[in-house]
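Reader: I would like a close look at one part of this structure, the place where its strands pair. Please start there and then follow the side chains outward.

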Amino acid sequence: MEYITLTGIADSVIEILKKHDLRTLEIRNPQNFFGVLGLNAGDSVLLTSTSLQDLTDGTQGLIARVVQKQISVHSFVSSSELYIEEREALSARIQLECRCMARVRNVISNEIGKPVIVDAREISCYEAR
């Protein structure tokens, strides 16, 4: 099955998701942000600690269901006597519910500026690699 994939997620975050019913993540990484934009409540997403550049066939990850998604803009203003600088940053918050573990069969799309999409299959806890 095809999944939008969020890469470079800390192992500790994945372990917390495995142990709890619901968890909310704030996504600021630009590549993962593009992936979150393509998700809606009820969709499944694959999370992996593997970096974008190292994502290959056989990579393991966690499949989670998106419970809700929120996009927000943060504005930052800094100033001195000589200048005023304003910056804005987009971030996404997604609430996830752990479903199962999975292994990537094929990387379908891994382009910068687009969602990372993989073909993955669910794996049972007793399957060894």
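Author: Strands β4 and β5 pair in the antiparallel sense over 19 bridges. Two strands count as paired if DSSP finds at least two bridges between them. Strands here are DSSP runs of E with at least two residues, helices are runs of H or I with at least four, and both are numbered from the N terminus. This is a predicted model, in which local features need pLDDT of at least 70 and side-chain atom pairs count only at pLDDT 80 or more, while totals for chains, interfaces and linings use all residues. Residues are numbered from 1 along each chain as its sequence is written, and side-chain values use heavy atoms, with hydrogens and water left out.

Strand β4 covers residues 60-79, and β5 covers residues 84-109. A hairpin through 4 residues joins β4 to β5. One pair to look for is Gly61, whose bridge partner in β5 is Ala102. β4 also pairs with strand β3 (residues 44-47), again in the antiparallel sense, over 4 bridges. There, Leu46 stands opposite Ile63 of β4.

Now take a single residue of β5, Gln95. Gln95 has a relative accessible area of 17% and is therefore buried (buried means under 20%, exposed over 50%, and partly exposed in between, with a 1.4 Å probe and protein chains only). Leaving out residues up to four places away in sequence, Gln95 touches Leu22, Arg23 and Thr24, and also Arg65, Val66, Val67 and Gln68. A contact means heavy atoms within 4.5 Å.

In a regular strand the side chains alternate between the two faces of the sheet.

Arg99 in β5 is a different case: its relative accessible area is 39%, so Arg99 counts as partly exposed. Arg99 forms a salt bridge with Glu122, with 2.8 Å between the closest N and O atoms. Glu122 lies in strand β6 (residues 116-123), so this pair ties together parts that are 23 residues apart in sequence. Glu122 is partly exposed too, at 41%. A salt bridge is a side-chain nitrogen of Lys or Arg within 4 Å of a carboxyl oxygen of Asp or Glu.

The whole structure has 7 salt bridges. Among the other salt bridges is that of Lys114 with Glu111, at 3.5 Å from N to O. Lys114 is partly exposed at 42%, and Glu111 is partly exposed at 43%. Another joins Lys18 to Glu15, with the closest N and O atoms 3.0 Å apart. Both residues belong to helix α1 (residues 11-19) and sit 3 residues apart, about one turn of the helix. In addition, Glu26, Arg28 and Arg93 are linked in a salt-bridge network.

The surface also has a nonpolar patch, made of Phe34, Leu37, Ile71, Val73 and Leu90, with about 420 Å² of accessible area together. Patches are made of residues with over 30% relative accessible area and no salt bridge; like charges are joined within 9 Å, and nonpolar side chains (Val, Leu, Ile, Met, Phe, Trp, Tyr) within 5 Å. Accessible areas come from the Shrake-Rupley method with a 1.4 Å probe, and for residues only the protein chains shown count as cover. β4 supplies at least two residues of this patch, and so does α2 (30-37). Leu37 is placed in helix α2 and is partly exposed, with a relative accessible area of 43%.
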